[in-house]
Structure formats: C-alpha cells, structure tokens
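Got your viewer open and a selection box ready? Let's walk through this one stop at a time.

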Amino acid sequence: MKTTQITILGSTGSIGLSTLDVVARQPERFPVYALTAHRNVERMREQCLAHQPEVAVMVDPDAADTLRAALAAAGSRTEVRAGAEALAEVAREPRVDAVMAAIVGAAGLLPTLAAAEAGKRVLLANKEALVMSGALLMDAVRRSGACLLPIDSEHNAIFQCLPNGYVCAEPVTPHGARRIWLTASGGPFRDRPLDSFAGITPDEACAHPNWDMGRKISVDSATMMNKGLEVIEACWLFAVVPSTIQVVLHPQSIVHSMVAYDDGSVLAQLGNPDMRTPIAHALAWPERMESGVEPLDLLTMGKLEFSEPEAARFPALGLAYAALERGGTATAVLNAANEVAVDAFLGERLAFSEIPAVIATTLEAIEAETADSLERVLGADRRAREVASEYVANLRQAVS
Ligand code: NDP
C-alpha cells in the first residue's frame, strides 16, 4: 500500500477535524507528520495524543509552551514548534506528500504557497490564499509540478464534473464546458426581511442551516461573500472567465455544483452536505475511499430547488465580481477588507448590514496594482486592513 504522509494546517478547526476523522479511518495509509493551530492548546493536545504527529505547531509562542508542557506530562513524543515560520517548515518538509491547507484567512497564504512551491499534493480549503494571490499560487503549482485539489465542496464538485485524466499542474481548459453552475445555499438569511438585517447577531449569522463551519466562513456564507470568494477561486482553479460562472441558489445543499457542456449535457455532483466527502475525494484521488458520510437517499431527500440570488440581499457577491473585474491586487484588497469587517462584526463592533460598506469603501480607496509579487500582494493586504479598520472605527465613533 502506498502511504501518503500528511501535514494538516489548521487541524483544530472545522476542516481540520473532518480531515482527521477521514485519515483516522486508514491511519497506515495516511500517517500524520504535522498538525498546526493558532492557539487552541486543549484541542491540539487531544489531537496529538490521538494521532501522534511527529510535529505540532502553535503559532502563538505562549500556547506552544503550554502545549509542550502538557504533552511532556502525558509522555507524548510529539515535537512542539512555535511561530508562523514553522507553518511553512512543516508544509515544505521533504517527507510530506500532502498538505491540507485549512487555516482560515490570509494567515494561510504563506504556508499554502510553501506547500505549492515544494511540489506537494495541496488540498486547498483556504480559498483566501487563492483569492489574494491566484496568479502566484497557480504559477508555483505549475513550476513545481504540485497537484492542487479543491476542498471547497463546490469546486471539488466541479473538478469531479470536468473531464478526467488531466494533469493537475496544467491549467484546466474545460473543453466544451459552456457554463459552471456554482450552487449556494443562501445561508441563514435567505428569507429574512431585509429591514431586520441591522439587528442580526453573530450567533444568528453563524447558525448555518446546512453546514457546521468555523465562524468566519459562516459569516461569509450569510453575506454570500463566501460565494464571491468562490467565484474568484473557480476562475483561478479552472482557468475560466467570470462570465462562465453562474451562481445559483440551492437551499438544500445537495447538488454541490454543475458543469454544462456544449451538447446540452449537465453533469452534477450530489451528496449529503458533509465536508468529509470532498476531503476523502482529494485525499484518495484518483481512487475513492470511505469517508464516513451517510449515503444520499434519493427516495427521501425531498425537493431540490434552484433560483437566482437577489442582488439587493447579497451585495457582497457583486463586490467580489467588481474586484475580479478590476483584477491584480483588487481581490487581495477585497479579502482583507472582508476579514476586517467580519472580525469587527463577530466582535460586535460593526452591524451585519454594514459589512458590505466596509468592503466597498476599501475597494474604492485603493487602486489595484499588478499582483506579480508577494510583496505587492502583502502590501495591498496591509493597506486594505488599515483603510477598513479606520472606516470601522469612524463608523463606531459616529454611532457613540
Ligand atoms: P476554523 O475557524 O474552524 O479553523 C481555523 C483553523 O485555522 C484553526 O485550526 C485555527 O487555529 C487556525 N488559525 C486561525 N488563525 C490562524 C493564524 N493566524 N495562524 C495560523 N493558524 C490559524 O475554520 P474552518 O475550518 O471553517 O475553515 C478553514 C478554511 O477552510 C477557511 O479558509 C474556509 O474558508 C475554508 N473552508 C471551510 C469549510 C467548512 O466547512 N468549514 C468549507 C470550505 C472551505 P485555532 O483553533 O488555534 O484558532
């Protein structure tokens, strides 16, 4: 049996937990080299004891000290490393075959890039990395011969609906594929009266009807910025222009996306909404493996509905298209402004209904440059965070 040694970046998060659940079904085939987290010591301690990685990384140095002491007390042989640079180290480690990129937000960019540059099989959940620097990441994949496999359920579905047998390192030109239908559940506020949006609480926004996810992506799903980020992600992954992609509301989250071909065929991938399916798909590809997901029962699943998203309800989606249109560093600006706005909303410093204004204002304030170097991308990210944070602070001052 061929073994695939894996590093899981962001192992303590929602995708990290699902990944460990899948690899634990075949531990001899998927030995864990490294697990990483920001500062969740308790969950990392449990994971180290259960999965015995060679290395655990805590970005926060105090958390690393606490974890080191806790693991030593439990007799664990896992080596604990601290700091953001250690994330890239365990991503590019020569013994590692596959890297699950599941850190949330811009913090995932450098280790994901390191994995791509080192030619790994990169299982990409961290869509923000591609949104910020699609050109650089795809270029790194091509140069190193890495294999980039999408974990987002929609992109994984599209990947499965495209012709088989292409080399991941090459850009995918989906011959004869006329349209990509990117499905969206519409999140928890699909039917909520628009005039009540200002009073939405973080817990309401994080209560997704179909998926159990981390808080940032849950808010992104509620605003539909998540779908906007996914449109950008799809353009890079599948080398298509934005007009090829059509977002469609599908509240049941059973059809994960579709590809329509010139001859009238539409291929779809269906399944219960459980991230273990795309994770198992990408881990085993081109083979298949057991994921633990309940099979879909077509006789009991009920109606499948599809409709167009309302632009007024989901302005964030339009902002993502606008950034994509501008190109260059505009998508990094969009991403950073969104991260600042979502963080402020979760910290109760910004109303839900104000999130799009923070992003729009930041996009207007910063001119897009060519995204041809990491310095430029990180510079745009930094500048956007300053502008967005200032805007949030001014809004608060105006309220108080
Ligand atoms: P979570 O918030 O549940 O987990 C995030 C992970 O990243 C945790 O391990 C966290 O560590 C770590 N982390 C947070 N901040 C930093 C940092 N500054 N440096 C290093 N590590 C950090 O997120 P999700 O699992 O929901 O999402 C992860 C990624 O996957 C996102 O990009 C999301 O868009 C994408 N995704 C998620 C899906 C889902 O179903 N959840 C579906 C499709 C894509 P700690 O626990 O210590 O804070």
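**Stop one: a cysteine under cover**

Start by selecting Cys161: its relative accessibility is 4%, so it counts as buried. Keep in mind as you click around that this is a predicted model. Next, pick Cys206, which is also buried because its relative accessible area of 16% falls under the 20% cut-off. While you have cysteines on screen, how many disulfides does the structure hold? The count is zero.

**Stop two: Ser218**

Leave Cys206 displayed and add Ser218, since Ser218 touches Cys206 along with Ala205 and Met213, leaving out residues up to four places away in sequence. Ser218 is in helix H9, which runs over residues 215-223. Is Ser218 buried or exposed? At 1% relative accessibility, Ser218 counts as buried. Now show the backbone of Met213: the side chain of Ser218 reaches the backbone oxygen there at 3.5 Å.

**Stop three: the ligand**

Move on to the ligand and bring up its surroundings. You should get a shell of 25 residues, with Thr12, Arg39, Asn40, Glu128 and Gly214 as the closest. Color the shell by class and you'll see twelve nonpolar, nine polar and four charged residues. Helices H1 and H6 (127-144) each supply at least two residues of this shell.

Which backbone atoms should you put distance labels on? Try these:

- Ser14: a backbone N or O atom lies 2.9 Å from an oxygen atom of the ligand.
- Gly214: here too, a backbone N or O atom is 2.9 Å from a ligand oxygen.
- Ala125: a polar backbone atom sits 3.5 Å from an oxygen atom of the ligand.

As for overall coverage, the ligand has 900 Å² of accessible area on its own, and the protein covers 85% of that.

**Last stop: helix H1**

Finish by selecting residues 14-23, which make up H1. This helix is mostly covered, with seven of its ten residues buried. Which ones are they? Highlight Ile15, Gly16, Ser18, Thr19, Leu20, Val22 and Val23.

Now switch on what those buried residues pack against. On the strand side, show S1 (6-9), S2 (32-37) and S5 (98-101). For helices, add H2 (41-51) and H11 (276-284). Bring the ligand back into view to end the tour, as H1 also supplies at least two residues of the shell around the ligand.

Terms used: Residues are numbered from 1 along each chain as its sequence is written. This is a predicted model: local features need pLDDT of at least 70, side-chain atom pairs count only at pLDDT 80 or more; totals for chains, interfaces and linings use all residues. Side-chain values use heavy atoms; hydrogens and water are left out. Buried means under 20% relative accessible area, exposed over 50%, partly exposed in between (1.4 Å probe, protein chains only). Helices (H or I, at least four residues) and strands (E, at least two) are DSSP runs, numbered from the N terminus. Contact means heavy atoms within 4.5 Å. A residue is near a molecule or strand if one of its heavy atoms lies within 4 Å of it. A polar contact is a pair of N or O atoms within 3.5 Å; within protein, one must be able to donate a hydrogen and the other to accept it, and residues adjacent in sequence count only if both atoms are side-chain atoms. Accessible areas come from the Shrake-Rupley method with a 1.4 Å probe; for residues, only the protein chains shown count as cover. Ala, Val, Leu, Ile, Met, Phe, Trp, Tyr, Cys and Pro count as nonpolar, Asp, Glu, Lys and Arg as charged, and the others, Gly among them, as polar. A disulfide is a pair of cysteine sulfur atoms within 2.5 Å.
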